[in-house]
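Here is the note you asked for, written for someone opening this entry for the first time. Please read it with the sequence and the model side by side.

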Amino acid sequence: QVQIVESGGGLVQPGGSLTLSCAASGNIFSIVVMGWYRQTPGKQRELVATVTSDGRTSYAGSVKGRFTISSDNAKNTAYLQMSSLKPEDTAVYYCNVVCRDSERSPRSYWGQGTQVTVSS
């Protein structure tokens with residue numbers, strides 16, 4: 001069993017900054033990739049950023065240059081540093097983890113989500 005827990009969401013003013021954390025625990029042999037997604041009412045969940053175990057990153061065009069994803073492999077934790085936040089960044093942010101269990105089977109897990117609201 002693997003559990004994913006996000007934290008760090010909250011209310012921030014436009015132009016402000018916020019950092020989200022994603023901690024994975026349980027039957028994890030190794031992590032393949034960790035990613036952040038976000039979703040607003042009426043829209044599909046969209047990919048924000050990903051980071052692989054060897055540090056390779058990718059970003060959605062809408063957040064490139066403003067958000068930074070990173071990971072601490074020893075802690076099975078990923079972070080999303082968000083700067084220059086805009087109202088359109090308001091969403092529930094979800095962490096996704098693809099990892100291998102003790103039997104080396106790759107599986108995908110989702111966290112419960114954390115709310116980020118950018119507003120005056």
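The points below take up the aromatic rings, the nonpolar core and one loop residue in turn.

1. Before anything else, please keep in mind that this is a predicted model, and that the distances and accessibilities quoted here are computed from its atoms.

2. A search of the whole structure for aromatic pairs finds 1, and the partners are Tyr37 and Trp110, whose rings are arranged edge-to-face with 4.9 Å from centre to centre and 65° between the planes. The arrangement is called edge-to-face because the angle between the planes is over 60 degrees. This pair links distant parts of the chain, since Tyr37 belongs to strand β4 (residues 30-39) and Trp110 to strand β10 (residues 106-110), 73 residues apart.

3. Are the two partners buried or exposed? Tyr37 has a relative accessible area of 22% and is therefore partly exposed, and Trp110, with a relative accessible area of 40%, is also partly exposed.

4. Trp110 has a further neighbour to look at, for the charged end of Arg45 sits over its ring, 4.7 Å from the ring centre. An arrangement of this kind also involves Phe29, where the charged end of Arg104 sits over the ring at 3.6 Å from its centre.

5. Turning to the interior, the largest nonpolar core has 30 residues, and those with the most contacts inside it are Trp36, Leu80, Met82, Tyr93 and Val97. Several strands supply at least two residues each, among them β1 (2-7), β3 (18-26), β4, β5 (46-52) and β11 (114-118), while the largest share, 5 residues, comes from β9. As general background, nonpolar side chains in soluble globular proteins tend to be buried together.

6. Met82 is a useful place from which to view this core, being one of the residues with the most contacts inside it. When its neighbours within four places in sequence are left aside, Met82 is in contact with Gly16, Ser17, Leu18, Leu20, Arg66, Phe67, Tyr93 and Val116.

7. Finally, which backbone nitrogens lie close to polar side-chain atoms of Asp101, at 2.9 Å and 3.0 Å? That of Glu103 lies 2.9 Å from a polar atom of the Asp101 side chain, and that of Ser105 lies 3.0 Å from such an atom. Asp101 itself is found in the loop between β9 and β10, and it counts as buried because its relative accessibility is 9%, which is under the 20% cut-off. Leaving aside neighbours within four places in sequence, Asp101 is in contact with Asn27, Phe29 and Arg107.

Definitions and conventions
Residues are numbered from 1 along each chain as its sequence is written. This is a predicted model: local features need pLDDT of at least 70, side-chain atom pairs count only at pLDDT 80 or more; totals for chains, interfaces and linings use all residues. Side-chain values use heavy atoms; hydrogens and water are left out. Rings of Phe, Tyr and Trp (its six-membered ring) pair if their centres lie within 6.5 Å; planes under 30 degrees apart count as stacked, over 60 as edge-to-face and the rest as tilted. Helices (H or I, at least four residues) and strands (E, at least two) are DSSP runs, numbered from the N terminus. Buried means under 20% relative accessible area, exposed over 50%, partly exposed in between (1.4 Å probe, protein chains only). A charge sits over a ring if NZ of Lys or CZ of Arg is within 6 Å of the ring centre and within 35 degrees of the ring normal. A nonpolar core is a set of buried Ala, Val, Leu, Ile, Met, Phe, Trp, Tyr and Cys residues joined through side-chain atoms within 4.5 Å. Contact means heavy atoms within 4.5 Å. A polar contact is a pair of N or O atoms within 3.5 Å; within protein, one must be able to donate a hydrogen and the other to accept it, and residues adjacent in sequence count only if both atoms are side-chain atoms.
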